[in-house]
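Colleague: Before we discuss any labels, could you put the model up so that we can go through them one by one?

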Amino acid sequence: MKDVDSINVLKYEAVIGLEVHAQMLTDTKIFCGCSTKFGSEPNTQTCPVCLGMPGVLPVLNKKTLEFTIKTGLATNCKISSFSRFARKNYFYPDLPKGYQISQYELPICEYGYVEIVVNGETKKIGITRIHMEEDAGKNIHESASGGGGNYSFVDLNRAGVPLMEIVSEPDIRSPEEAVEYMKKLRTILRYLGVCDGNMEQGSLRCDANVSVRLAGQKEFGVKTEVKNLNSFKFVGKAIEYEIRRQIKVLEDGGKVIQETRLWDSERGITESMRTKEEAHDYRYFPEPDLVPIVVDQRWLDERRASLPELPDIKRKRFVSEYGLPEYDADLLTSEKSTAEFFEEAVKLGGQPKTVANWIKGDLMRLLNEDNKSIEECPLKPEQLVEMLHLIDKGTISGKIAKTVFHEMYTRSSSLKISVHSDVIVKDLGLVQISDTSEIEKAVDDVIAKHPKEFERFRAGEEKLIGFFVGQVMKMTRGKANPQMVNDLLKKKLF
Ligand SMILES: [Zn+2]
């Protein structure tokens with residue numbers, strides 16, 4: 001695609017809405033007792049119900065209702081006291097019944113919102129509805145896997161796996177906002193424990209409705225739907241591409257066609273898949289095999305009371321209770337386990353800002369390099385706090401602590417036991433030198449080696465103190481107490 005002139009891009013405004021599919025973290029499927037475990041041999045987790053055999057009857061898994069309602073409560077939705085399932089009719093080989101059980105005119109949750117922060121500004125993104133539905137199976141085409149062959153296979157392990165579809169209002173205006181919204185939803189779902197948010201395995205994926213209009217125009221432009229975006233990166237890139245493609249079409253005097261497009265992540269483009277269906281194409285009607293859902297007020301109140309502290313509230317509390325900057329609080333609360341690690345360390349006596357710095361700096365970096373999540377972290381909060389005490393006592397310097405922390409992480413990880421910082425300090429001989437005579441000797445040696453610099457230093461070139469401190473640290477392999485080195489050097493001036 002030819003690039004669009006940036007001035008032309010500014011003439012337009014993008015209007016984006018996301019339909020997010022979240023696989024619920026239940027052990028069994030939505031209308032039968034089959035396992036939802038990922039990665040099993042094809043067609044080993046099926047039964048007459050999810051295979052769509054004639055004469056079978058679905059029974060709702062109560063957990064899925066509870067999970068969807070919790071999500072609705074956490075996203076400020078109104079919970080319908082009366083809702084029901086609907087049949088969405090379409091034919092596809094991975095849909096054995098010829099219809100999908102979903103919800104249509106009476107979804108379980110409506111009229112909610114979540115807050116996102118983009119460029120320091122808080123914005124509300126409306127949630128139109130959240131409904132429950134069953135997933136379809138999976139088609140595997142031999143020819144598409146590159147190995148040739150003419151057969152297509154169908155794996156129905158995924159048929160009947162419970163999904164929540166979270167539909168946003170068209171409130172999103174940029175790819176960045178779309179990514180932030182998606183991240184926020186993932187955080188909330190993981191806090192609630194209703195979805196693992198694993199985008200690689202497809203537990204969280206989204207379709208994006210994208211249109212553009214001239215800035216200031218009220219009416220929406222014609223939208224396209226970009227299907228099956230399964231990473232934050234692809235969400236951002238696919239929407240960015242689609243916006244520019246539509247602007248180009250309009251600038252060239254053409255018209256955007258309402259259609260479904262597929263994101264090709266290898267080529268970085270969206271491609272037309274089929275013209276978009278309208279709702280009436282699906283011939284929705286109320287599902288006759290399932291009773292309507294009536295939510296009891298007391299049961300709903302109990303679910304509300306059982307909600308955990310949610311990310312936005314936790315973030316605000318971290319700012320007020322621990323005096324953390326907004327940025328740190330946001331980072332620490334994006335995963336519940338990270339927030340727990342932080343609070344545990346503070347409870348054990350760690351100074352909040354210091355603990356936050358170690359978590360968002362060295363700990364996050366090591367986990368990233370190791371491709372581990374915070375849940376798999378080999379270090380425990382007490383190991384960090386013990387090490388911080390060693391710094392406070394002057395046993396090790398802040399700089400040496402970096403080495404100790406790294407070593408503590410590596411050893412704890414490979415030995416699968418908690419290796420403590422005092423052991424490492426002893427093993428590697430990293431105890432800080434706080435003995436005045438020893439440091440003074442090093443200072444004298446360095447001065448003797450650099451007489452010219454010392455003369456300039458005495459003559460008033462004060463910034464040279466950094467050079468001398470550096471030399472002394474080098475000589476003591478970083479173990480000299482930096483404050484004492486500074487003091488002694490200043491003394492030598494006079
Ligand atoms: Zn089944």
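Modeller: Take E134 to begin with: its relative accessibility is 6%, and because buried means under 20% relative accessible area, exposed over 50% and partly exposed in between (1.4 Å probe, protein chains only), E134 counts as buried. Bear in mind that this is a predicted model, in which local features need pLDDT of at least 70 and side-chain atom pairs count only at pLDDT 80 or more, while totals for chains, interfaces and linings use all residues. Residues are numbered from 1 along each chain as its sequence is written, and side-chain values use heavy atoms, with hydrogens and water left out.

Colleague: Why is the contact between K97 and E134 called a salt bridge?

Modeller: The term requires a side-chain nitrogen of Lys or Arg within 4 Å of a carboxyl oxygen of Asp or Glu, and the side chains of K97 and E134 meet at 2.8 Å, N to O, so the pair qualifies. K97 lies in the loop between β4 and β5 and E134 in strand β7 (residues 121-134), so the pair ties together parts that are 37 residues apart in sequence; strands here are DSSP runs (E, at least two residues), numbered from the N terminus.

Colleague: What makes K97 partly exposed?

Modeller: Its relative accessibility is 26%, which falls between the two cut-offs, so K97 counts as partly exposed.

Colleague: How do you know that D370 and K372 form a salt bridge?

Modeller: Their side chains meet at 3.2 Å, N to O, which is within the limit, so the label applies. D370 is partly exposed at 31% relative accessible area, and K372 is partly exposed at 29%.

Notes. Helix = DSSP H or I, 4+ residues; strand = E, 2+ residues; numbered from the N terminus.
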